[in-house]
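Welcome, and please open the structure in your viewer. We will take the tour one selection at a time, so keep the selection tool at hand.

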Amino acid sequence: MNNARLTKIMNANIEQTGEYVLYWMQRSQRVHFNHALSYAIEVANAKGLPVLVAFILTPTFLNANARHYTFMLEGLQEVEAELKRMKVGFVIKKGRFDEEITILASRAHTLVMDYGYLRNERQWRRDVLDAIIARKLAIDIALLESDVIVPVTISYPKVAYGAYVLRPQLHKRLLNFDDFDHLPMISHPWNIRLMSEVDIRNIDEVISLLNIDTSVQKSRYFKGGYNEAQKWLREFISSKFPVYPQRSDPSLAIQSYLSMYLHFGQISPLEIYQAIKLLPDTEAKEQFIEQLLVRRELAFNYVFYNKDYDQFKSMTEPWAYESMEKHRDDERHYLYSDQEIEEGKTHDVYFNAAMDEMRLTGFMANYMRMYWAKQIVTWKKTYEEAYDLIVRLNNQYFLDGRDPNSYVNIAWIFGKMDRPWPEKPIWGILRSMNDAGLKRKFAIDDYVNQIAKLRKENAS
Ligand code: FO1
């Protein structure tokens, strides 16, 4: 492992007496290619201690509902089984991160944490640290970045204005961070008595126990977990990868479907990179690595260095705000309520199809994500209302919503990382998108027909 992934946050400075090495699994919900878990095992091996992995369920996270929790818990079921096979302890608790982790940390030698980049994820870690300091626990604390290929502060020390800034920085460091050492499979006899508070074998029961919003049901199309992610990765490489450069056409469904697995940390970006780098050098390979490495890590840079990445007033560029101000009172030809939009009941059949895909599956063809959000901008009285609704629907329906990628993609709709375009009503100098473009470029009616089929499937 490249040691730059590791930050030692606290040193006990005395010989600790802990019973285990505790890994608080939060962002990296997997066993494979997990630098934090590997590090915990390494410390445990050195000290002759067992490892305990803990996951804390919190019932509220950015409009997350039964759809997301089901997907996450499916992944955790696999984690539980894998850890058992490795003789690593695993407990699931529910409640506050600071309270639950501090209780477990009070018996630990070392606390290992993975890293999360959104505001809440960073706050959760700060709360845990504050609680540990307040209780004067004498433990070592280590933090590891395992969900980006190049750690965020190492790739670039400040906001990167665009991909062109970050690209050379990432490529320069890629070799040094292609660094996963396979787990030392020393068996860790686990005979400490610690019980999970919830039994994740029954997901529906966990969801009702936690009082999670059930208005959006689980996806019939995507199941969570590392094995599923592997299946999609293999399928992508064998049947979609060669035609990846044609992926913009929504009717062709050329996508890896890995974004939701990456979102929940069920597969590591490094593992995906290692699978792709073995393939011959083609345009497809270059474009995929651009998405996986440059575009994805640009989003992490964006949320890490922009404090208010999710607020309308601070998410985009001054030229974009100026233009929106100028066009604030332009006449909107169509105005729809949130409900009409959410139910896909507008005059635009392409929008409606995309909205239905999102509601029914938890996913949307990539190009349609841009088209979909751009239409909402023109159907609300204010840009602010449009922004808020786009964020809300993203969070509520997408399995891969609530992610650094979501925030930067939504900001792009409002000009971030884009350039000014010729001036038009409502749009100002923001890039516009209309149905004529869809019809010109793609077999878009095929996409609409595919979604109509999906709708029927779901009605039955
Ligand atoms: N992380 C947790 O540690 N506990 C949770 O209960 C939890 C719920 C959750 C629901 C939806 C969602 O999108 C993410 C959720 N996460 C939870 C966070 C997740 O593990 C990652 O930190 C983020 O997905 C990264 O962006």
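## First stop: the ligand

Select the ligand together with I56: a nitrogen atom of the ligand is 2.8 Å from a polar backbone atom of I56. Keep in mind as you look around that this is a predicted model.

Now add the side chain of Q26, where an N or O atom lies 2.9 Å from an oxygen atom of the ligand. Next, add the side chain of R402; here the distance from one of its N or O atoms to an oxygen atom of the ligand is 2.2 Å. How much of the ligand does the protein bury? On its own the ligand exposes 520 Å², and the protein buries 100% of that.

Widen the selection to the residues around the ligand. There are 19 of them, and those that come nearest are Q29, I56, E121, H263 and R402. You have already met I56 through its backbone contact and R402 through its side chain. Colour this shell by class and you will find 10 nonpolar, five polar and four charged residues.

## Second stop: the space that holds the ligand

Where does the ligand sit? It is in the largest cavity. This cavity has a volume of about 280 Å³. To find its middle, select Q26, Q29, F61, M72 and F264, which are the closest to its centre among the 21 residues that line it.

Then show the secondary structure. β3 (51-57), α2 (66-85) and α4 (119-134) each give at least two residues to this lining. Which element supplies the largest share of the lining? That is α2, with three residues. By class, the lining of the largest cavity holds 11 nonpolar, six polar and four charged residues.

## Third stop: another cavity

How many cavities of 30 Å³ or more does a search of the whole structure find? The search finds two, so there is one further cavity to visit. The second largest cavity has a volume of about 30 Å³.

To see the walls of the second largest cavity, select R247, S248, D249, P250, A253, I254 and Q255, and then add A365, N366 and Y367. The classes in this lining are five nonpolar, three polar and two charged residues.

## Fourth stop: the largest pocket

Leave N366 selected, as it returns here. The largest pocket has a volume of about 1400 Å³. Its lining has 43 residues, and Q291, R295, N366, N405 and N409 are the closest to the centre. N366 also belongs to the lining of the second largest cavity.

Which helices should you highlight around the largest pocket? Try α9 (259-263), α11 (283-305), α15 (366-378), α16 (383-397) and α17 (404-413), each of which supplies at least two lining residues. Coloured by class, the lining of the largest pocket shows 22 nonpolar, 12 polar and nine charged residues.

## Last stop: the second largest pocket

Finally, select E80, K84, F90, V91 and S196. Of the 19 residues lining the second largest pocket, these are the closest to its centre. The volume of this pocket is about 470 Å³.

Two elements give two or more residues to the lining of the second largest pocket: α2 and β4 (89-94). The largest share comes from α2, with five residues. You saw α2 earlier, where it gave three residues to the lining of the largest cavity. By class, the lining of the second largest pocket has 11 nonpolar, three polar and five charged residues.

Key:
Residues are numbered from 1 along each chain as its sequence is written. This is a predicted model: local features need pLDDT of at least 70, side-chain atom pairs count only at pLDDT 80 or more; totals for chains, interfaces and linings use all residues. Side-chain values use heavy atoms; hydrogens and water are left out. On a 1 Å grid over the protein atoms alone, a cavity is a set of points where a 1.4 Å probe fits but cannot get out, and a pocket is an open set with protein on both sides within 12 Å along at least five of seven lines; lining residues have an atom within 4 Å of a point. Grid points are joined across faces, edges and corners, and a volume is the space filled by probe spheres set on the points. Helices (H or I, at least four residues) and strands (E, at least two) are DSSP runs, numbered from the N terminus. Ala, Val, Leu, Ile, Met, Phe, Trp, Tyr, Cys and Pro count as nonpolar, Asp, Glu, Lys and Arg as charged, and the others, Gly among them, as polar. A residue is near a molecule or strand if one of its heavy atoms lies within 4 Å of it. A polar contact is a pair of N or O atoms within 3.5 Å; within protein, one must be able to donate a hydrogen and the other to accept it, and residues adjacent in sequence count only if both atoms are side-chain atoms. Accessible areas come from the Shrake-Rupley method with a 1.4 Å probe; for residues, only the protein chains shown count as cover. A molecule sits in a cavity or pocket if more than half of its atoms lie within 2 Å of its grid points.
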